[in-house]
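Reader: I am new to this structure and would like to learn how to read it. Please take one feature at a time.

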Amino acid sequence: MPKGYWVSAYRTISDPEKLAAYNELAGPAVKAGGGRVLARGGRVVAHDAGIAERTVLIEFDSFEQAVAAHESAAYQEALVALSDGVERDFRIVEGID
């Protein structure tokens, strides 16, 4: 079964306090949903139209698990805390089996 991934590329961070509040809630929500953080905020080299801002990569055992974790009440609460504190490109992608 192909794994699922959350890929977040932050374009701007306008409110670091909202991002911090989100991180406090999102971490446990991701873990409860079976997610494993592979990359978070480390070094980035951007090409083409990319922006070298915070990037996060989270792995799940399946695409369905990744979608369910995003839809969970705990993660939705984290999104409320994040609100308009950032502009990001968030995707859930299916890996190759």
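Author: What follows covers a salt-bridge network, one helix, one loop residue and a pocket.

Author: This is a predicted model, in which local features need pLDDT of at least 70 and side-chain atom pairs count only at pLDDT 80 or more, while totals for chains, interfaces and linings use all residues. Residues are numbered from 1 along each chain as its sequence is written, and side-chain values use heavy atoms, with hydrogens and water left out.

Reader: How many salt bridges does the structure hold?

Author: Side chains of opposite charge can pair when their charged atoms come close. A salt bridge here is a side-chain nitrogen of Lys or Arg within 4 Å of a carboxyl oxygen of Asp or Glu. The structure holds seven of them.

Reader: Which residue meets Lys3 in a salt bridge?

Author: Glu59 does, with 3.4 Å from N to O. The pair links distant parts of the chain, 56 residues apart: Lys3 is in the segment before strand S1 (4-13), and Glu59 is in strand S3 (residues 55-60). Helices (H or I, at least four residues) and strands (E, at least two) are DSSP runs, numbered from the N terminus.

Reader: Are Lys3 and Glu59 buried or partly exposed?

Author: Buried means under 20% relative accessible area, exposed means over 50%, and partly exposed lies in between (1.4 Å probe, protein chains only). Lys3 has a relative accessible area of 33%, so Lys3 is partly exposed. Glu59 is at 11%, and therefore counts as buried.

Reader: What other side chain does Glu59 meet in a salt bridge, together with Arg36 in strand S2?

Author: The side chain is that of Arg36 itself, at 3.2 Å from N to O. Because Glu59 lies in strand S3 and Arg36 in strand S2 (residues 36-40), this pair ties together parts that are 23 residues apart in sequence. Arg36 also forms a salt bridge with Asp61, at 3.0 Å from N to O. That pair links strand S2 with the loop between S3 and helix H2 (63-71), where Asp61 is found, 25 residues from Arg36. Salt bridges that share partners join Lys3, Arg36, Glu59 and Asp61 into one network.Reader: Which residues of helix H3 are buried?

Author: An α-helix has 3.6 residues a turn, so residues three or four places apart point the same way. In H3, the buried residues are Tyr75, Ala78 and Leu82. They cover an arc of only 50° around the axis, taken from the directions from the helix axis to the C-beta atoms, which puts them on the same side of H3. The face turned away from that buried side carries the exposed residues Ala73 and Val80. The buried residues of H3 pack against S1, helix H1 (16-32), H2 and strand S4 (86-94).

Reader: What does Tyr75 touch?

Author: Contact means heavy atoms within 4.5 Å. Not counting residues up to four places away in sequence, Tyr75 touches Trp6, Tyr22, Ala26, Ala29, Ala69, His70, Arg88 and Phe90. Tyr75 has 0% relative accessibility, so Tyr75 counts as buried.

Reader: Where is Glu53 found?

Author: Glu53 is in the loop between S2 and S3. Its relative accessibility is 30%, so Glu53 counts as partly exposed. Leaving out residues up to four places away in sequence, Glu53 touches Tyr10, Arg11, Ile13 and Val44.

Reader: What volume does the largest pocket have?

Author: On a 1 Å grid over the protein atoms alone, a pocket is an open set of points where a 1.4 Å probe fits, with protein on both sides within 12 Å along at least five of seven lines; lining residues have an atom within 4 Å of a point. Grid points are joined across faces, edges and corners, and a volume is the space filled by probe spheres set on the points. The largest pocket has a volume of about 210 Å³. Of the 15 residues that line this pocket, the closest to its centre are Asn23, Ala26, Arg40, Val56 and Ile58.

Reader: Which element gives the most to the lining of the largest pocket?

Author: H1 does, with five residues.
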